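Good morning, everyone, and thank you for making the time. Please bring up the sequence and the coordinates on your screens, and I will then walk through them element by element.

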Protein chains: 2
Amino acid sequence: MKGGNKMKDRAVIILSGGMDSTTLLYDIINRGYDVKAVGFNYGQRHKRELECASATCKKLGIEYKVLDLNVLNQVAPSALTREDWKVPEGHYEDDNMKQTVVPNRNMVLLSLATSYAISVDAKKLFYGAHSGDHAIYPDCRKEFVDKMAEVIKICDWKEVELEAPYWNIDKGDIAIRGKELGVDYSLTHTCYNGLEVACGKCGACQERLEAFKKAGVEDPVKYE
Amino acid sequence: MKGGNKMKDRAVIILSGGMDSTTLLYDIINRGYDVKAVGFNYGQRHKRELECASATCKKLGIEYKVLDLNVLNQVAPSALTREDWKVPEGHYEDDNMKQTVVPNRNMVLLSLATSYAISVDAKKLFYGAHSGDHAIYPDCRKEFVDKMAEVIKICDWKEVELEAPYWNIDKGDIAIRGKELGVDYSLTHTCYNGLEVACGKCGACQERLEAFKKAGVEDPVKYE
């Protein structure tokens, strides 16, 4: 029905409030989806991320559902959720960053986001994994995302399609895409130390700063 | 090292306290694994299951970890977790039993059990899905279990193998296996109405009673 009131397909996005998923949110709104966002609160240090995600959704008129996932701490305490552990400084690719991983975290998040997607009749589930994540996180690899997509497709009578459109681009490319889309990066948070003012030293901050440099734009968040 | 003190391989089992997973627990102890059990508390009516699982583990000297999963209620309330919903009477294969499904519940449980398995260095994850579950639960099908096994294998640098040894036998065969293994079925719970004394009417009770009949043994739990 050309020019008619075609119903938009619904999509769910996992929105952390970091720059990758926030850019993806703008991207899929731009692609014409009726979007609902879902986030997870698992006592992460960077709770500021969730506040940013909430502010972005408010700005864009998107529903944001935050699911409580403290169970992750019961399963396996990690550097990202335990206040008393020290977050290592340095680059993501360094060996000492490996301790920031909660085992199998992404499968847990994707599983719950899929439950939510099914319950709201979404056809798509979007996920902001990108190529820079691959090196140290086994559950950010293309192979992992592909196999998750296969099992998500058959886990219910309703079919949900998992899409990770940034899997083959890096954070710099994402910043370039965000520039085109007019993403408000002041409402994103990346620093692992979870401060209002980013530390600029941790692996996450370093990677973000490199991304903005590649995109040739200034990062609107404040650094120490 | 024949006759030496060979270290046992560690295995994690998802133990609900129902007869399927309880039989499987006896089975894998019999196969020589060093077993740790994991259960989930998501406000299910049949909390009695968890008490049974705990009693079985105590009896067998197995560690039992219960993870809080109330998040499932936040995602999608269902007949099995909402006190104010009526559990339909009748046979599992009836259409009205479909409302007892939490969408994608099994993927969520398997994901978390995998996180736990990785964190305790288990090589195997056991799961008691059986052929009788297939008809109405899409996430109990062999295809689903196979695809989960594939993605679980690559979700971490440590490899965990998912095994569902009962996928092709029914509850009656499981009861026969349990008889051989000397399973104490008085410490199992099946009724969906969650009472000390089972109702004998719900789909779960009916299926259980048929299973014991097939095995030619008497069910030690009390019925109304």
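Let me begin with a convention, since I will need it shortly: a crossing of two helices is called left-handed if the near helix is turned anticlockwise from the far one by less than a right angle, and right-handed if it is turned clockwise. I should also say at once that what you are looking at is a predicted model.

With that convention in hand, I turn to chain B, where the crossing of α1(B) and α6(B) is left-handed. Helix α1, residues 19-30 of chain B, packs against helix α6, residues 171-181 of chain B, at an angle of about 45°, and their axes are 10 Å apart. Since angles from 35 to 65 degrees fall outside the parallel and perpendicular ranges, α1(B) and α6(B) are therefore oblique to each other. On the side of α1(B), the contact is made by Met19(B), Asp20(B), Thr23(B), Tyr26(B), Asp27(B) and Asn30(B), while α6(B) brings Lys171(B), Ile174(B), Ala175(B), Arg177(B), Gly178(B) and Leu181(B). Sorted by class, this contact has 5 nonpolar, 3 polar and 4 charged residues.

Let me move to the sheet of chain B. How are its strands ordered? The sheet is an open one of 5 strands, in the order β3-β2-β1-β4-β5 and with parallel pairing. At its edges stand β3 (63-68) and β5 (161-163) of chain B, each of which has a single partner strand, so one side of each is left without a neighbour in the sheet. Ignoring direction, neighbouring strands of this sheet are turned by 25° against each other on average.

If we look at the β5(B) edge, strand β4, residues 124-126 of chain B, is joined to β5(B) by 3 bridges, and the two strands run parallel; there, Leu125(B) stands opposite Leu162(B) of β5(B). Helix α1(B), which we met in the helix pair, also packs on the sheet, where it touches β1 (10-14), β2 (34-41) and β4 of chain B, and its direction makes about 170° with that of β1(B).

Now to chain A, whose secondary structure comes to 7 helices and 5 strands. Read from the N terminus, the elements of chain A follow the pattern β-α-β-α-β-α-α-β-α-β-α-α. Of the 224 residues in chain A, 46% are buried, and among its contacts between residues at least 6 apart in sequence, 72% join residues at least 24 apart.

Chain A has its own pair of helices to report: α1 (residues 19-30) and α6 (residues 171-181) of chain A pack at an angle of about 45°, with their axes 10 Å apart, and the crossing of α1(A) and α6(A) is left-handed. The residues of that contact divide into 5 nonpolar, 3 polar and 4 charged.

Finally, I come to the interface. How many residues does each chain give to the contact? The contact takes 31 residues from chain A and 31 residues from chain B. On the side of chain A that touches chain B, the elements giving two or more residues are β3 (63-68), α3 (71-75), α4 (105-119) and α5 (142-154) of chain A, and the largest share, 9 residues, comes from α4(A). By class, that side of chain A has 19 nonpolar, 6 polar and 6 charged residues.

Technical notes. Residues numbered from 1 in each chain as written. Chains lettered and ligands numbered in written order. Predicted model: local features only at pLDDT ≥ 70, side-chain atom pairs only at ≥ 80, totals over all residues. Axes fitted to C-alpha atoms, helices over the stretch in contact; angles between N-to-C directions. Helix = DSSP H or I, 4+ residues; strand = E, 2+ residues; numbered from the N terminus. Parallel < 35°, antiparallel > 145°, perpendicular 65-115°, else oblique. Contact = placed C-beta atoms within 7 Å. Nonpolar A, V, L, I, M, F, W, Y, C, P; charged D, E, K, R; others polar. Pairing = 2+ DSSP bridges. Buried ≥ 20, exposed ≤ 12 C-beta atoms within 10 Å, placed from the backbone.
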